[in-house]
Amino acid sequence: MTKQATLGPIDPSINTRLNPQIPGASPQNTHPVSVEAVKGYIAFAKEELAIKDDSALASIMVKLSEAVHLLALGEVYRSRAQIKMLAEKFLINQVTDPTKIQQIIAFLCSDSGSHDYTITRREAKNGLGLNVEKPDMDMYKIIKSIYDSISDELGLGMPFDLRGLSQANSGEYSVG
Amino acid sequence: MYKERIELYKHLENKLKSKLLVYVTSDRQGFETQIGGDVIDLFINQLDKI
């Protein structure tokens, strides 16, 4: 990993035809349902609000199933199990301590807080214990040159304006 | 451009004593892309060449 490189959490969102529909949008446009958000809702009730009463918890589940279709919730549960299983299969190639593997998976799936959490090289190596290699200056310059070349060609950092492209040069433009 | 990158890829492969497989997605505003569902065959073909 270079100093700019980052990793991110692996908490999935599911997209099925049964996902909640976006108000005002076409029926095909649905809200992705974050697996960890569903877990977070239940954890919020149990841990933050300290709801312990069985009937109250049942009401919370009913409310959840009113917002998210039952079958989509089932997919949420399956996705969570699947991503953890896949993570374990990949991690075993570089981390052999079973306890460490479970800690990494827990962090990547839920303890990181949100899908936006950015894992730097330092945290990946020192915090998570991943087998991260830091490039020497020569290798860094090569990788950076590759990235700069791709960035220039794709125009990363500049908004893509299709309408502007089609109006400029009588609609002629080149790619690559 | 791609031609200049080929030399950089070769240089990096020599340093790593390994092979490179480069797959690029975009976070350019208005042109965001994700990993496509069709990548498996592309990766297999590249890996076969490697």
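Colleague: Which helices of chain A have the lowest and the highest confidence?
Modeller: This is a predicted model, and within chain A confidence bottoms out in helix α7 (residues 162–167), at a mean of 76. Helix α6 (residues 137–154) has the highest, at 94. Across chain A the mean pLDDT is 87, with 95% of its residues reaching 70 or more. Chain B averages 91, and 100% of its residues score at least 70. For the model, ipTM is 0.91 and pTM is 0.73.

Colleague: How do you know that the length of α6(A) agrees with what is expected at 1.5 Å a residue?
Modeller: Set the two values side by side: the 18 residues of α6(A) reach 25 Å from first C-alpha to last, and the expected value is 26 Å, which is close.

Colleague: What sits at the two ends of α6(A)?
Modeller: At its start, a side-chain oxygen of A:D136 comes within 3.2 Å of the backbone nitrogen of A:D138. The cut-off for a polar contact is 3.5 Å, so that pair counts as one. After the helix comes A:G155, with a positive phi near 70°.

Colleague: Which residues of α6(A) are buried, and what do they pack against?
Modeller: The buried ones are A:M139, A:Y140, A:I142, A:I146, A:S149, A:I150 and A:S151. They pack against α1 of chain B.

Colleague: How many residues are in contact between chain A and chain B?
Modeller: There are 17 residues of chain A in contact with 17 residues of chain B. The area buried between the chains is about 1,700 Å², and carbon and sulfur atoms give 69% of that. A:I142, A:I146 and A:F160 supply 32% of what chain A buries against chain B, more than any other three residues.

Colleague: Let's go to α3(A). How do you know that the span of this helix agrees with 1.5 Å a residue?
Modeller: Helix α3 of chain A (residues 70–91) has 22 residues, which should span 32 Å, and the C-alpha atoms at its ends are 32 Å apart, so the two agree.

Colleague: What makes you put the buried residues of α3(A) on the same side?
Modeller: The buried ones are A:A72, A:L73, A:V76, A:S79, A:I83, A:A87 and A:L91. They cover an arc of only 105° around the axis, and therefore lie on the same side of the helix. In general, an α-helix has 3.6 residues a turn, so residues three or four places apart point the same way.

Colleague: What is on each face of α3(A)?
Modeller: The buried residues pack against β1, β2, α1 (35–48), α2 (54–67) and α4 (98–111) of chain A. The face turned away from them carries the exposed residues A:L70, A:L71, A:Y77, A:R78 and A:K89.

Colleague: Why is A:N19 called buried?
Modeller: Because its relative accessibility is 3%, and buried means under 20%. A:N19 lies in the loop between β1 (13–14) and β2 (33–34) of chain A.

Colleague: Which backbone oxygens lie 2.7 Å from a polar atom of the A:N19 side chain?
Modeller: That of A:I14, and that of A:H31. Leaving out residues up to four places away in sequence, A:N19 touches A:I14, A:T30, A:H31, A:P32, A:V33 and A:A72.

Colleague: And A:T30, why does that count as buried?
Modeller: A:T30 has 15% relative accessibility, under the 20% cut-off, so buried is the word. A:T30 is also found in the loop between β1 and β2 of chain A. Its C-alpha is separated by 5.5 Å from that of A:P20, ten residues away along the chain.

Colleague: Why is A:K46 called partly exposed?
Modeller: Its relative accessible area is 43%, and exposed means over 50% while buried means under 20%, so A:K46 falls in between. A:K46 is found in helix α1 of chain A, and its contacts, not counting residues up to four places away in sequence, are A:I51 and A:L57.

Colleague: What makes the phi of A:A50 stand out?
Modeller: The phi of A:A50 is positive, about 55°, although A:A50 is not a glycine. A:A50 is found in the loop between α1 and α2 of chain A. B:K17 likewise has a positive phi of about 55° without being a glycine.

Colleague: Is B:K17 buried or exposed?
Modeller: Exposed: 75% relative accessibility is over the 50% cut-off, so B:K17 gets that label. B:K17 has its place in the loop between α1 (2–16) and α2 (39–49) of chain B.

Note on methods
Residues numbered from 1 in each chain as written. Chains lettered and ligands numbered in written order. Predicted model: local features only at pLDDT ≥ 70, side-chain atom pairs only at ≥ 80, totals over all residues. Heavy atoms only, no water. pLDDT = per-residue confidence, 0-100. Helix = DSSP H or I, 4+ residues; strand = E, 2+ residues; numbered from the N terminus. Buried < 20%, exposed > 50% of the residue type's maximum accessible area, 1.4 Å probe, protein only. Polar contact = N/O pair within 3.5 Å; in protein donor to acceptor, adjacent residues only side chain to side chain. Contact = heavy atoms within 4.5 Å. Expected span 1.5 Å × (residues − 1). Arc of directions from axis to C-beta. Buried area = accessible area lost by both parts, 1.4 Å probe.
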